[in-house]
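Reader: I would like to go through some of the labels attached to this structure. For each one, please tell me what it rests on.

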Amino acid sequence: MPGGGHNPSLGFPTAPAAVPHKINASPRILRGTVTAGYGDTVKIGIVGNNVAGTNLAKALRDADRTLDIHILTDEHMQYYPRPKLIDYLSGTVDEKALPFYPLEWYEKNGLRLHLGSRVEKLDLAGKNIVAGGTTIGYD
């Protein structure tokens with residue numbers, strides 16, 4: 001659409017024609033406190049205890065100490081680099097050496113790690129995650 005506007009087929013506004021084509025789109029997290037309204041702490045639900053989920057939780061925590069961050073995983077161990085499994089299977093590393101961060105790191109950083117919690121349902125309209133028979137709300 002020339003000049004920008006709303007493109008109903010895509011469901012989001014289009015950029016005005018005057019916007020330069022090269023935009024620095026590197027992701028940034030703004031530091032400060034995010035609230036859901038009326039001073040409520042924002043609740044974040046992260047599905048997956050992999051490198052992406054763990055790094056997202058760390059970046060959010062670094063940006064805002066007040067966020068209520070939940071990491072849900074069906075794994076029974078905190079995040080471990082998958083390439084380390086080769087060493088574990090060959091017997092050169094024991095299971096205790098697999099995790100990237102100890103459980104104390106999650107506690108110290110106020111990250112609520114839900115191990116053995118297979119996500120059964122994402123209720124996008126209700127903003128709930130159902131995992132292991134427990135419902136966790138998010139904002």
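Reader: Why is Lys-127 called partly exposed?

Author: In this predicted model, the relative accessible area of Lys-127 is 39%. Buried means under 20% and exposed means over 50%, so at 39% Lys-127 is partly exposed.

Reader: Where is Lys-127 found, and what is its phi?

Author: Lys-127 is in the loop between β6 (119–123) and β7 (128–131). Its phi is positive, about 55°, although Lys-127 is not a glycine. Most residues other than glycine have a negative phi. The loop belongs to the hairpin of β6 and β7, which has four residues between the strands.

Reader: How do you know that β6 and β7 pair?

Author: Two strands pair if at least two bridges are found between them. β6 and β7 have four bridges, so they count as paired, in the antiparallel sense. Val-119 stands opposite Ala-131 in β7, and Asp-123 has Asn-128 as its bridge partner.

Reader: What makes β7 and β8 a pair?

Author: The cut-off is again at least two bridges. Four bridges join β7 to β8 (residues 134–137), so these strands pair too, and they run antiparallel. Ile-129 stands opposite Ile-136 in β8. β7 and β8 form a hairpin with two residues between them, and Gly-132 in that turn has a positive phi of about 60°.

Reader: What is the order of the strands in the sheet, and which are called edge strands?

Author: The open sheet has three strands in the order β6-β7-β8, with antiparallel pairing. β6 and β8 are the edge strands, as each pairs on one side only. From one strand to the next, the twist averages 20°.

Reader: Why is Lys-121 called partly exposed?

Author: Lys-121, in strand β6, has a relative accessibility of 49%. Exposed would need over 50% and buried under 20%, so Lys-121 counts as partly exposed.

Reader: Which residues does Lys-121 touch, leaving out those up to four places away in sequence?

Author: Lys-121 touches Asn-128, Ile-129 and Val-130. The C-alpha atoms of Lys-121 and Thr-135 are separated by 9.2 Å, and these two residues are 14 apart along the chain.

Reader: What makes Leu-122 eligible for a nonpolar patch on the surface?

Author: Leu-122 is in strand β6 and has a relative accessible area of 48%. Patch residues need over 30%, so Leu-122 meets that cut-off, while its label remains partly exposed. Val-47, Leu-122 and Leu-124 form the patch, with about 310 Å² of accessible area together. Nonpolar side chains are joined within 5 Å.

Definitions and conventions:
Residues numbered from 1 in each chain as written. Predicted model: local features only at pLDDT ≥ 70, side-chain atom pairs only at ≥ 80, totals over all residues. Heavy atoms only, no water. Buried < 20%, exposed > 50% of the residue type's maximum accessible area, 1.4 Å probe, protein only. Axes fitted to C-alpha atoms, helices over the stretch in contact; angles between N-to-C directions. Patch = residues over 30% accessible without salt bridge, like charges linked within 9 Å, V, L, I, M, F, W, Y side chains within 5 Å. Areas by Shrake-Rupley, 256 points an atom, 1.4 Å probe, with all protein chains shown as cover. Salt bridge = Lys/Arg side-chain N within 4 Å of Asp/Glu carboxyl O. Contact = heavy atoms within 4.5 Å.
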